[in-house]
Amino acid sequence: MAEAQAGDRRAYERVLAESVPLIRAAARRQGVPIDHVDDVVQETLLAVHRVRHTYDPARSYDAWLSAIASRRAVDALRSQGRRGRRELHDEHAFDTHADVDDATASTEREQDARRLREAIAALPPGQREAVEQLGLKERSLAEAAAITGRQSGALKVNLHRALKALRTRFHGDP
C-alpha cells in the first residue's frame, strides 16, 4: 500500500486484489450472510480507495484493512436489520464449514500460509529459529536447546519476541 500511495498503479492493483480474501473473512466474522459478502467487499474496496491517503506505512496494513472491512460489514448488517431480516449467523459455522463451492476459502488459506511464511522468514535469526524449532517442529525446550546450542531461557525469550512481532504484523499494535 505504501508503494500504491507513492503512485505505483501495479502495486495498487495488486494490493486491492490481495485484500479481497481478508475482507471476505472480516465480513464473515461479523456474521454477514454469504450472499451479501460480495457487497461488503465492493463497499470496502471503495472505502479503501477513498481513504487510502490515511494509511500509515509504519502500521499493519492488514489491521487497517480489517478495521475498514469490519465497519462496512456492520453497516451491511444494520441495513439488513432495517429491512426486517432477523436471520442469525453463527460465525463458527462459517469458519469451520466453508461452502464446498466457495473457491475463495482455499485461496484464503494459501494466502494466509504464504503471508505467515514470509513473516517468519523476515524475523531475526534467533527468533526465526525459536519459532521453527518450538512452534513449527513442535520440539521441547530441551530438544530445541540441544539442536540449536542455545539455552532454553534464550529460546523462550526469542519465541516470545517472535510471537509478539508476528502478532503486531498481522493485527496491529499489541
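Which pattern does the protein chain follow when read along the sequence? In this predicted model, the pattern is α-α-α-α-α-α-α-α-α.

**Figure 1. Overview of the protein chain, a predicted model with 9 helices and 0 strands.** The chain has 174 residues, of which buried residues make up 34%. Among contacts with a sequence separation of 6 or more, 65% join residues 24 or more positions apart. The succession of elements along the sequence reads α-α-α-α-α-α-α-α-α.

**Figure 2. Close-up of Pro-21 in helix α2.** Helix α2 spans residues 9-29 and includes Pro-21. The relative accessible area of Pro-21 is 11%, and the residue therefore counts as buried, the limit being under 20%. Apart from neighbours within four places in sequence, Pro-21 is in contact with Glu-108 and Gln-111. The second of these partners, Gln-111, is 90 residues away from Pro-21 in sequence, while the C-alpha atoms of the two residues are 8.3 Å apart.

**Figure 3. Close-up of Ser-60 in the loop between α3 and α4.** The loop that holds Ser-60 joins α3 (37-51) to α4 (61-82). Ser-60 is buried, because its relative accessible area of 10% falls under 20%. Two backbone atoms lie opposite polar atoms of the Ser-60 side chain: the nitrogen of Ala-63 at 3.1 Å and the oxygen of Arg-169 at 2.8 Å. With neighbours up to four places away in sequence set aside, the residues in contact with Ser-60 are Tyr-55, Thr-168, Arg-169, Phe-170, His-171 and Gly-172. Arg-169 thus appears both in this list of contacts and as the residue whose backbone oxygen faces the Ser-60 side chain.

**Figure 4. Close-up of the packing of helix α7 against helix α8.** Helix α7 comprises residues 125-136 and helix α8 residues 141-148. Their axes are 9 Å apart and form an angle of about 135°. This angle lies outside the ranges for roughly parallel, roughly antiparallel and roughly perpendicular, so the two helices are oblique to each other. The crossing of α7 past α8 is right-handed. On the α7 side, the contact involves Glu-129, Gln-133 and Leu-134, which meet Leu-141, Ala-144, Ile-147 and Thr-148 of α8. By class, this contact contains 4 nonpolar, 2 polar and 1 charged residues. Gln-133 and Leu-134 are also among the buried residues of α7, together with Gly-126, Gln-127, Ala-130 and Val-131. Beyond α7 comes Glu-138, with a positive phi near 55°.

**Figure 5. Close-up of the packing of helix α8 against helix α9.** The axes of these helices come within 9 Å of each other and cross at roughly 100°. Because angles of 65 to 115 degrees are classed as roughly perpendicular, α8 and α9 fall into that class. From α8, Leu-141, Ala-144, Ala-145 and Thr-148 take part in the contact, and from α9, Ser-152, Leu-155 and Lys-156. The residues of this contact divide into 4 nonpolar, 2 polar and 1 charged. Leu-141, Ala-144 and Thr-148 of α8 also meet residues of α7.

**Figure 6. Close-up of Asn-158 in helix α9.** Helix α9 runs over residues 152-171 and contains Asn-158. The relative accessibility of Asn-158 is 13%, which means that the residue counts as buried. Leaving out residues up to four places away in sequence, Asn-158 touches Gly-126, Gln-127, Ala-130 and Arg-150. Of these partners, Gly-126, Gln-127 and Ala-130 are among the buried residues of α7.

How values were computed: Residues are numbered from 1 along each chain as its sequence is written. This is a predicted model: local features need pLDDT of at least 70, side-chain atom pairs count only at pLDDT 80 or more; totals for chains, interfaces and linings use all residues. Side-chain values use heavy atoms; hydrogens and water are left out. Helices (H or I, at least four residues) and strands (E, at least two) are DSSP runs, numbered from the N terminus. Buried means under 20% relative accessible area, exposed over 50%, partly exposed in between (1.4 Å probe, protein chains only). Contact means heavy atoms within 4.5 Å. Axes are lines fitted to C-alpha atoms, for helices over the stretch in contact, and angles run from 0 to 180 degrees between N-to-C directions. Angles under 35 degrees count as roughly parallel, over 145 as roughly antiparallel, 65 to 115 as roughly perpendicular and the rest as oblique. A crossing is left-handed if the near helix is turned anticlockwise from the far one by less than a right angle, and right-handed if clockwise. Ala, Val, Leu, Ile, Met, Phe, Trp, Tyr, Cys and Pro count as nonpolar, Asp, Glu, Lys and Arg as charged, and the others, Gly among them, as polar. A polar contact is a pair of N or O atoms within 3.5 Å; within protein, one must be able to donate a hydrogen and the other to accept it, and residues adjacent in sequence count only if both atoms are side-chain atoms.
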